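Biologist: I would like to learn how pockets and overall fold statistics are read from a set of coordinates. Could we go through one case together?

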Amino acid sequence: MKVNLLLFLAVGALGFSACTNNSKQTSTSNTDSDSVSVSKQIMIPDSNNFKATVDGKQTGLFVLKNKNNFQVAITNYGGRIVSILVPDKSGNLTDVALGYENVAGYQQTGEPYFGALIGRYGNRIGKAQFTLEGKTYKVPANDNGQSLHGGPKGFHAQVWDAKQVNDFTLELSRISVDGEEGYPGNLTVKVTYALTDDNAIKMDYHATTDKTTVVNLTNHAYFNLNGQGNGDINDHVLTINASRFTPVDAGLIPTGVLQDVAGTPFDFTKPTAIGERVDADNEQLKLGKGYDHNFVLTNSSTDLKQAAKITGPKTGITLEVLTTEPGVQFYGGNFLDGKLKDGKGGAVYAHRSGFCLETQHFPDSPNQPSFPSTTLKPGQTYKTTTLYKFSVE
Ligand code: BGC
């Protein structure tokens, strides 16, 4: 494990400079005339704050870095992305991931899955049950009678076995035992986080089972491309390559319809600011308290394809999400309320201060035969890939 407290970054391949002793991250905007080439310190949380014992297992913080000094910190508690440091349009390093200073931050009641690996089933299962091969399985009803993100002790709250393979690759693995959170079968899971040379976080998910089960794995990073802790994300300009989405009922369970986005506030087929229509008079937006919906990617192949692209206008930092999955949940941080403690650098995560683009199979697929299947049988291999790729526009 690498101990990486302060990152003293000299002018490097990307021509940015950074360093020293203000522990609070302050993204420098190009309107600040003093800031063009100022030294700035960006801090990854103290790795000592991630040394803990949870369920008898050791947690820690792992720092990955590529040759461009693109840096990502991950804890094996929940496989969570803690920090993502990327240069903005002026070359200043900016942390674009919401997160906490320590493991305890991630264990707070109501913690909204910051940066986490989600499983065994990402998003919701209606009425917290499903039937497989004639047998009905009950899973935790932790969200208004529905099951959300694998239950309270889902993959986000488990300590993963971690192996840092090299400077830029971390392998996380665990066995989710038969019956864990109600799911059948021993599921052997491996997730590899690897930084590419073109500033992407590549996530490879792999799983096998010894009994028929359902699997839908994702990452739940919350981003603010203007810098985490720097206001809301309504000014971010978003494109989603989806001509349809899955409208939901009051429990946020898909109705089963695939609805055209054309003519609705869900049309992000052309770059559009999130805030432009988020409070429009629209029943689906009311049900989600804003955007909290699964988009059906227009390219339905299992090839790696672009799902979404989004830019923070204050920094120019752009995130592209590429995936082999058929859907992406665009969640606009509607339930963030600024109440949780230990936000990085003193950040307070208020309403809509971060967004998620969770690549996935559609919510409630185990109960929706018309949706692409999430069933995994013995002898089959679950294999998906998603990339979060960063650049500047
Ligand atoms: C869901 C939201 C939920 C959030 C948890 C998202 O994936 O779609 O409804 O509130 O996760 O913080």
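Modeller: What follows takes the chain as a whole, and then its pockets, bearing in mind that this is a predicted model.

Biologist: How many helices and strands does the secondary structure of the protein chain come to?

Modeller: The assignment gives 2 helices and 30 strands, and of the 393 residues in the protein chain, 59% count as buried. Among contacts between residues at least 6 apart in sequence, 67% join residues at least 24 apart. The accessible surface comes to about 14900 Å², with 50% of that area belonging to carbon and sulfur atoms.

Biologist: Where does the largest pocket lie with respect to domain 1 and domain 2?

Modeller: One reads this from the lining, and here domain 1 (5-119 + 152-219) and domain 2 (227-376) both contribute residues to it, so the largest pocket lies between them. Its volume is about 740 Å³, and of the 39 residues that line the largest pocket, Gly110, Glu111, Pro112, Tyr113 and Leu148 lie nearest its centre. By class, that lining divides into 18 nonpolar, 12 polar and 9 charged residues.

Biologist: Which residues lie nearest the centre of the second largest pocket?

Modeller: They are Thr302, Glu325, His361, Ser373 and Thr384, out of 17 lining residues. The elements giving two or more residues to this lining are strand 29 (375-376) and strand 30 (382-392), and strand 30 gives the most, with 3 residues. The second largest pocket holds about 260 Å³ of space, and its lining has 5 nonpolar, 9 polar and 3 charged residues.

Technical notes. Residues numbered from 1 in each chain as written. Predicted model: local features only at pLDDT ≥ 70, side-chain atom pairs only at ≥ 80, totals over all residues. Heavy atoms only, no water. Helix = DSSP H or I, 4+ residues; strand = E, 2+ residues; numbered from the N terminus. Buried < 20%, exposed > 50% of the residue type's maximum accessible area, 1.4 Å probe, protein only. Contact = heavy atoms within 4.5 Å. Areas by Shrake-Rupley, 256 points an atom, 1.4 Å probe, with all protein chains shown as cover. 1 Å grid on protein atoms, 1.4 Å probe; cavity = no way out; pocket = protein on both sides within 12 Å on 5 of 7 lines; lining within 4 Å. Points joined across faces, edges and corners; volume = space filled by probe spheres on them. Nonpolar A, V, L, I, M, F, W, Y, C, P; charged D, E, K, R; others polar. Domains from an automatic or database assignment.
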